Amino acid sequence: MVTAAGSGYVQRGANAVTRWAADRTRDADGYFIYLRDTESKEFWSAGFQPTLVEPTAYQAKFFPGTVEITRTDHGIESRLEICADKESSVDIRRCTITNTSDRPRTIEVTSYAEFVLQPAGMDAAHPAFSKLFLQTEYDKHSNLLTVGRRKRGHQDETFFACHFLASTEGPLPDSYETDRCRFIGRRRNLVVPHALASAEPLSGTVGSVLDPVGSLRKSFILAPNASACVTFFLGVSDFCKFHPLVKKFRGPQAVDASFANARRLASAQMEKHNLEMPELLDALAGKFTEYNYDF
């Protein structure tokens, strides 16, 4: 689920993959992507949330099966495309960054997601206790960040998630983080987290952290009018065997196929229920096919 502000959640069946709480006044929880200009130190997010930075231009478009959020900030245009690959149980977020200024720019792209891996109601009832049973790992050979929930009893299900990226500037992340406290910092929040306010790389902390998250960072230099693409993947499985998934999605053809398949499946569902796009949006969330923030 994605809102026009870029917040929302990832869920598989009855299990929440990422943390989210319904709040009509804030709409501030979700799985986010940050962008940062390393020279000016200015940063913002690919959606309006969570940084709340006013962009020069902003547009959110909702299509059958996919979402596209485009914004312009400080001479940098970003286009975030989102879909869910039903076959592989993977959330795909492709962020294309274009330098519209007249000088080279060094841009950092950083993901952030808080893991749950159990029914959202159980997490909301005892969030601090729930976090104690999550354990993170990072595989340097496949550059794959994984998180699993340890069993509290024989009746508990095993459930795992993975996070990795692919980029036109190279498939390897520059740094990673799984500790929420280190990412956000003391007396800070997701609007101005320590990881974006500081020039330091992400710490690379893994293991039984008290408050587990998933964060990957990729940086690159953009010449004037040049573009680069970073695609983030968040996959789930009952078994901690994600290497075939990483191999599958390292190429852009697999990502293009996932977006095409998501559109096809959504269109088939709409046709099955005799729905057109305006009627579908009317029934779900609001009367719009695209949303523009006017600043």
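Begin by selecting Tyr58 and Arg71: Arg71, in strand S6, is the bridge partner of Tyr58. The model on display is a predicted one.

Next, extend the selection to the whole of strand S5, residues 57–63, and show its side chains. Tyr58, Ala60 and Phe62 point to one face and are buried, whereas Ala57, Gln59, Lys61 and Phe63 point to the other face and are not buried. In a regular strand, side chains alternate between the two faces of the sheet.

Now add strand S6, residues 66–73. S5 and S6 pair in the antiparallel sense, over seven bridges. The two strands form a hairpin with two residues between them. Select Gly65 in the turn, where phi is positive, at about 85 degrees.

The tour then turns to charged side chains. Side chains of opposite charge can pair when their charged atoms come close. The whole structure holds 16 salt bridges.

Select Arg79 and Glu81, whose side chains meet in a salt bridge of 3.8 Å, N to O. Glu81 is buried, at 13% relative accessible area, while Arg79 is partly exposed, at 28%.

Move on to Glu114 and Arg180, which form a salt bridge of 2.9 Å, N to O. This pair links distant parts of the chain, 66 residues apart: Glu114 lies in strand S9 and Arg180 in helix H3.

Finally, select Asp211 and Lys131, joined by a salt bridge with the closest N and O atoms 3.2 Å apart. Both Asp211 and Lys131 are buried. To end, select Arg19, Glu114, Asp123, Lys131, Arg180 and Asp211 together: salt bridges that share partners join these residues into one network.

Terms used. Residues numbered from 1 in each chain as written. Predicted model: local features only at pLDDT ≥ 70, side-chain atom pairs only at ≥ 80, totals over all residues. Heavy atoms only, no water. Buried < 20%, exposed > 50% of the residue type's maximum accessible area, 1.4 Å probe, protein only. Helix = DSSP H or I, 4+ residues; strand = E, 2+ residues; numbered from the N terminus. Pairing = 2+ DSSP bridges. Salt bridge = Lys/Arg side-chain N within 4 Å of Asp/Glu carboxyl O.
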